[in-house]
Amino acid sequence: MTNCNASRYHEVHAQSLADPEGFWGEAAKAIDWIAPAKKVFDPSVGLYGRWFVGGVLNTCYNALDRHVAGGRADQVALIHDSPLTGEIRKFTYAELLHEVQVLGAILQDLGVGKGDRVILYMPMVPEAVVAMLACARIGAVHSVVFGGFAAKELATRIEDARPKLILSASCGIEPGRIVQYKPLLDEAITLASVKPDGCIILQRPQHGCDLVAGRDHDWAELRSKAMAARKSADCVPVLATDPLYILYTSGTTGKPKGVVRDNGGHAVALAWSMENLYGVKPGEVWWCGSDIGWVVGHSYIVYAPLFHGATSVMYEGKPVGTPDAGAFWRVISEHKAVAFFTAPTAFRAIRKDDPDGSFIRKYDLSRFRTLFLAGERADPPTVDWAEKQLKVPVIDHWWQTETGWCIAGNPVGLGQLPVKHGSPTVPMPGYKVEVVDEAAKPLPAGTMGSIVIKLPMPPACLPTLWEQDERCKEAYFNEFPGYYKTSDAGYLDDDGYVYVMGRTDDIINVAGHRLSTGGMEEILASHPDVAECAVLGIKDTIKGEVPCGFLVLKAGVARSTADIEKEVVALVRDKLGPVAAFKLAIAVSRLPKTRSGKILRGTIKKIADGDSWTMPATIEDPKSLDEIGAALKGRV
Ligand code: COA
Ligand code: AMP
């Protein structure tokens with residue numbers, strides 16, 4: 001076990017809390033500023049203060065230009081590896097910069113300026129990274145929408161962000177199936193009450209699409225024209241506190257929350273994390289196996305490795321089936337990655353296909369130093385398997401879309417702390433993590449409660465929700481005054497290790513993807529035959545959790561319940577998207593409730609999961625739970 005006395009962690013964390021301005025002011029030296037901040041932290045502005053107030057910078061400059069100028073022009077910045085197309089494409093820092101300069105100019109020519117929003121609905125192709133950086137370059141605010149979301153979800157985001165342009169592609173590629181993006185995009189634009197001025201469409205050779213005259217532009221055509229005309233966008237200076245992007249994440253209703261990320265704090269915290277948390281040096285190869293549609297992809301496929309001058313691998317494939325359970329080891333070995341970041345669900349999928357790890361031994365992993373896991377709780381059996389098979393430290397770390405980077409982790413760059421299975425280890429600099437009861441009273445070590453973060457949050461964490469300060473306060477700051485509510489429940493141990501055990505709201509985590517059961521219930525309830533419904537997350541050996549919907553049909557509905565169940569499954573796929581993995585709907589005659597009418601979701605979940613449960617004292621009719629048990633027989 002690693003000796004925790006050898007780690008600089010405790011000293012560094014203590015300093016970050018004792019003197020936040022000193023700590024982050026020092027960290028800010030890793031970033032190139034056009035004008036330094038007038039105040040490292042100003043508690044008098046924003047919802048809980050703002051970082052680097054008055055500072056001026058450009059995020060894209062920090063990701064690309066300065067490395068080209070500083071000697072990394074010919075170093076590979078981005079490796080795109082797609083087992084789904086059989087292609088590997090590499091871009092040096094100079095090449096990536098050129099692509100970004102050209103696309104930045106194209107966006108400007110189409111009328112996009114500082115502060116304008118641009119939605120990216122893109123598969124995992126390098127052009128998506130180019131698009132994010134081009135927006136950052138010209139001061140536009142990107143909002144990436146994950147490709148696995150359906151048209152209605154995209155429409156909601158178009159309504160909220162009101163983008164000037166949408167960048168998309170003809171298709172995405174999933175194993176065994178082409179996902180046609182264009183019909184989804186067209187439908188979303190039809191559904192949305194606000195329309196973009198235009199769209200730029202990347203035609204992929206695997207499946208082309210028709211363009212809408214007068215609205216859609218062909219990406220390749222614009223690019224070649226702009227290159228021929230030697231167009232190039234300069235970096236537009238923005239304030240540290242200006243928004244870099246909006247990323248929508250599931251809230252407790254069907255309406256997603258637009259998490260805002262600023263430019264300055266984001267650059268500083270992410271640059272700090274690469275060396276100190278992940279232990280990666282400039283020039284080394286880093287791989288984050290997420291999707292650019294998620295926060296992990298934003299931060300660790302795109303921004304952090306580029307701020308740091310590392311080489312980032314972008315992977316369009318799966319852990320298994322593309323072509324086999326050795327896919328990850330092939331990528332690590334082929335591109336010489338020193339560290340890899342993925343979700344535990346991917347490891348569960350690999351372990352199922354290759355329990356003895358025989359694929360691992362086919363590849364040279366000698367350069368590989370550390371595996372990082374996040375997105376859901378890293379269950380101890382999976383961590384144990386990964387440690388034994390890979391023989392490198394396996395580091396769980398906990399974070400949220402709202403924070404943009406890790407809340408609790410094991411900082412291998414500062415000196416690794418002992419790993420305790422089931423815990424993502426300790427709070428990162430700037431995070432004072434506490435566990436409190438309903439009255440915001442701190443609880444002793446070992447006692448479960450709500451996990452909260454003492455305000456102010458460190459740089460990179462959300463300053464607000466897009467144009468919704470009140471909703472932000474309501475969602476995060478009102479319930480526990482002086483704290484940010486994580487909506488995660490857990491405890492701290494005597495060594496200050498954090499244990500994150502589950503959500504306190506209706507969010508479920510499906511294969512590392514965050515989804516709202518409330519949102520799914522809204523869809524189920526929209527079916528004409530459904531009177532009442534409840535969706536909850538039930539255990540799944542690979543995905544961790546999957547949604548399961550219970551339906552009570554309207555009186556007098558004479559249609560086959562099996563047909564209605566199939567229809568609601570299709571409805572969720574159609575309205576929310578395949579990513580929800582909603583495959584199980586069960587019609588029941590009633591839902592178990594308390595005498596005050598509250599659906600007993602917790603007990604239903606225990607029955608579905610096969611866990612032990614006790615009869616709630618407040619139940620209206622105990623027989624209703626037996627009915628649930630009977631309905632679940634043979635279905636889970
Ligand atoms: N565009 C369109 N559809 C998509 C998509 C995208 N970008 N991403 C996923 N989907 C679809 C899949 O094709 C699948 O559809 P299906 O119901 O027709 O099979 C559905 O959405 C669910 O996808 P996924 O969650 O990827 O499940 P899977 O069964 O295809 O694969 C795992 C299971 C465990 C291999 C996979 O979930 C995985 O690799 N997870 C890692 C997640 C991760 O890295 N999360 C980031 C958090 S750090
Ligand atoms: P997202 O915003 O999609 O990144 O999801 C954030 C949520 O995922 C958190 O609030 C947790 O519930 C869960 N989560 C992420 N990482 C971890 C982890 N390492 N351990 C436990 N839960 C996690």
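These are my notebook entries on two ligand sites, a helix pair and some backbone oddities in a predicted model.

**Entry 1: ligand 1**

I started with ligand 1 and asked which residues come nearest to it. The list I got has Glu174, Arg177, Lys318, Arg573 and Lys583 at the front, out of 23 residues around the ligand. Next I went through polar contacts. The side chain of Glu174 puts an N or O atom 2.6 Å from an oxygen atom of ligand 1. Arg573 does something similar, with a side-chain N or O atom 2.8 Å from a ligand oxygen. I also noted a backbone contact, where a polar backbone atom of Gly148 sits 3.4 Å from a nitrogen atom of ligand 1. Then I checked how far the ligand is covered: on its own it exposes 930 Å², and the protein buries 83% of that. Sorting the shell by class gave me ten nonpolar, seven polar and six charged residues.

**Entry 2: ligand 2**

I moved on to ligand 2, which has 14 residues around it. Asp396, Thr401, Asp488, Arg503 and Arg514 are the closest. What does the backbone of Gly375 and His397 reach on this ligand? For Gly375, a backbone N or O atom is 3.1 Å from a nitrogen atom of ligand 2. For His397, I again found a backbone N or O atom by a ligand nitrogen, here at 2.8 Å. Thr401 works through its side chain instead, with an N or O atom 2.5 Å from an oxygen atom of ligand 2. Of the 490 Å² of accessible area that ligand 2 has by itself, the protein covers 93%. I then looked up which elements give two or more residues to this shell, and they are strand 21 (398–399) and strand 27 (498–503). So that I had the classes too, I wrote them down: three nonpolar, five polar and six charged.

**Entry 3: helix 3 against helix 5**

Parallel, perpendicular or oblique: how do helix 3 and helix 5 lie to each other? I took helix 3 as residues 59–72 and helix 5 as residues 126–137, and their axes come within 7 Å of each other. The crossing angle is roughly 120°. Perpendicular would run from 65 to 115 degrees, and antiparallel needs over 145, so I had to go with the remaining class. Helix 3 and helix 5 are therefore oblique. I also checked the hand of the crossing, and it is left-handed.

**Entry 4: cis peptide bonds**

I looked up two cis bonds leading into prolines. The one from Thr322 to Pro323 has omega near 0°. Pro323 belongs to the loop that runs between strand 17 (311–315) and helix 11 (327–335). The bond from Leu455 to Pro456 is cis as well, with omega near 5°. I placed Pro456 in the loop between strand 25 (449–454) and helix 14 (469–477).

**Entry 5: Phe52**

Last stop was Phe52. Where is Phe52 found? I located Phe52 in strand 2, which covers residues 50–53. The backbone there caught my eye: phi is positive at about 60°, although Phe52 is not a glycine.

Technical notes
Residues are numbered from 1 along each chain as its sequence is written. Chains are lettered from A and ligands numbered from 1 in the order in which they are written. This is a predicted model: local features need pLDDT of at least 70, side-chain atom pairs count only at pLDDT 80 or more; totals for chains, interfaces and linings use all residues. Side-chain values use heavy atoms; hydrogens and water are left out. A residue is near a molecule or strand if one of its heavy atoms lies within 4 Å of it. A polar contact is a pair of N or O atoms within 3.5 Å; within protein, one must be able to donate a hydrogen and the other to accept it, and residues adjacent in sequence count only if both atoms are side-chain atoms. Accessible areas come from the Shrake-Rupley method with a 1.4 Å probe; for residues, only the protein chains shown count as cover. Helices (H or I, at least four residues) and strands (E, at least two) are DSSP runs, numbered from the N terminus. Axes are lines fitted to C-alpha atoms, for helices over the stretch in contact, and angles run from 0 to 180 degrees between N-to-C directions. Angles under 35 degrees count as roughly parallel, over 145 as roughly antiparallel, 65 to 115 as roughly perpendicular and the rest as oblique. A crossing is left-handed if the near helix is turned anticlockwise from the far one by less than a right angle, and right-handed if clockwise.
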